Amino acid sequence: ATRGSEVCAVVAVLDDLRAVRVARAVVWGRGPARAQLCERVFGGKVSAATLAVLTTAVAQNWSRTSDLVATLVLLGQEALLESAAQRGRLEAVEDELFRLGRIISDNPDLEQALSDRSQPESAKRELIHQLLTGKTEAITLTLAQQVVTRQRSSIGAAFDELADLAAARRDQIVAHVRAAIGLTEQQRDRLAASLRRIYGKATTVHIQVDPSLLSGVVVRVGDDVIDGSALGRLEKLRRALA
């Protein structure tokens, strides 16, 4: 957890425009020189274990600064999720991340507040802190703060990706399900069992109620979409008649 949080903090430094020269030097210098630069910049500010991760990462060959930063983001997220797994709380974190993404997507004012690039990152972190403190796992809060301070596109999609990453650590695939009405526990279990037979892996089912479907469900697993909704059947009929 400490390593994950510290790597997230390093990413925040590299995201800062004032540190762009440092980031460029990390990418463009020779391997040993990059590692030495990393030690000078972050030595004494992060734990020895985190510094070892950073120096190993920056010593690799990167074509773009963004590639290095994206890799560090992933390393930080995986470290935090591994911490949740060791505590037996990974499934809870996964569920909280998915639900948080849905809450933000369904609340335009909240999504705007968290997406507004004119707002300082500290304000977004504080807003998430106020919303989640005492209501979610501490690791969910840390991951959420990172998402809202560096997300460049859809925040809801970013939380979905994190939930998928958590499921992958449990060796499961994720089915994103839109249903016209809420599903019973028996229906969820039956759907998960069917998807397990199709994909050959245990499946986590995340459900979002969408009354516009009229009836039925739409299931998305990766790039696969199974549309069993009334709206989807009507759309197929409309195309056939056209």
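Trainee: At what angle do helix α6 and helix α9 pack?
Mentor: This is a predicted model. Helix α6 covers residues 90–105 and helix α9 covers residues 138–150. Their axes lie 9 Å apart. The packing angle is about 40°.

Trainee: Which term describes how α6 lies to α9: parallel, perpendicular or oblique?
Mentor: The angle is about 40°. Roughly parallel needs under 35 degrees, and roughly perpendicular needs 65 to 115. The angle falls in neither range, so α6 is oblique to α9.

Trainee: Is the crossing of α6 and α9 left-handed or right-handed?
Mentor: Handedness depends on which way the near helix is turned from the far one. Clockwise, by less than a right angle, counts as right-handed. For α6 and α9 the crossing is right-handed.

Trainee: Which residues of α9 make the contact with α6?
Mentor: Take the α6 side to start with: V93, E96, L97 and L100. Across from these stand residues of α9. They are T140, L143 and A144.

Trainee: How many residues of the contact of α6 with α9 are nonpolar?
Mentor: Val, Leu and Ala count as nonpolar. The contact also holds 1 polar and 1 charged residue. The nonpolar count is 5.

Trainee: Which residue forms a salt bridge with E94?
Mentor: E94 is in helix α6, and its partner is in the loop between α10 (155–169) and β1 (173–179). The two are 76 residues apart, so the pair links distant parts of the chain. The closest N and O atoms are 2.8 Å apart. The partner is R170.

Trainee: Is E94 buried or exposed?
Mentor: Its relative accessible area is 1%. Buried means under 20%. R170, at 24%, is partly exposed. E94 is buried.

Trainee: What separates D95 and R99 in helix α6?
Mentor: Their side chains meet in a salt bridge, 2.7 Å from N to O. D95 is partly exposed at 29% relative accessible area. R99 is also partly exposed, at 49%. The two are 4 residues apart, so the separation is about one helical turn.

Trainee: Where does R102 lie, and which residues does R102 touch?
Mentor: R102 lies in helix α6. At 14% relative accessibility, R102 counts as buried. Leaving out residues up to four places away in sequence, R102 touches G156, D160 and Q208.

Trainee: How many residues apart in sequence are D210 and R178?
Mentor: D210 forms a salt bridge with R178, with the closest N and O atoms 2.7 Å apart. D210 lies in the loop between β2 (203–209) and β3 (217–221), and R178 in strand β1. The pair therefore ties together parts of the chain whose sequence separation is 32 residues.

Trainee: Which of the two, D210 or R178, is buried?
Mentor: The cut-off for buried is under 20%. R178 has a relative accessible area of 34%, so R178 is partly exposed. The value at the other end is 16%. The buried residue is D210.

Trainee: How many salt bridges does a search of the whole structure find?
Mentor: E94 with R170 is one pair. E235, R238 and R239 are linked in a network of salt bridges. The search of the whole structure finds 10.

Trainee: How far apart are the C-alpha atoms of A157 and S105?
Mentor: A157 is in helix α10. A157 is partly exposed, with a relative accessible area of 32%. A157 and S105 are 52 residues apart along the chain. Their C-alpha atoms are separated by 8.9 Å.

Trainee: What separation do the C-alpha atoms of G88 and A240 have?
Mentor: G88 lies in the loop between α5 (65–86) and α6. G88 is exposed at 56% relative accessible area. G88 and A240 are 152 residues apart along the chain. Their C-alpha separation is 50 Å.

Trainee: What percentage of the residues of the protein count as buried?
Mentor: The secondary structure comes to 12 helices and 4 strands. The C-alpha trace spans about 65 × 40 × 40 Å along its principal axes. Of the 242 residues, the buried share is 39%.

Terms used. Residues numbered from 1 in each chain as written. Predicted model: local features only at pLDDT ≥ 70, side-chain atom pairs only at ≥ 80, totals over all residues. Heavy atoms only, no water. Axes fitted to C-alpha atoms, helices over the stretch in contact; angles between N-to-C directions. Parallel < 35°, antiparallel > 145°, perpendicular 65-115°, else oblique. Contact = heavy atoms within 4.5 Å. Salt bridge = Lys/Arg side-chain N within 4 Å of Asp/Glu carboxyl O. Buried < 20%, exposed > 50% of the residue type's maximum accessible area, 1.4 Å probe, protein only.
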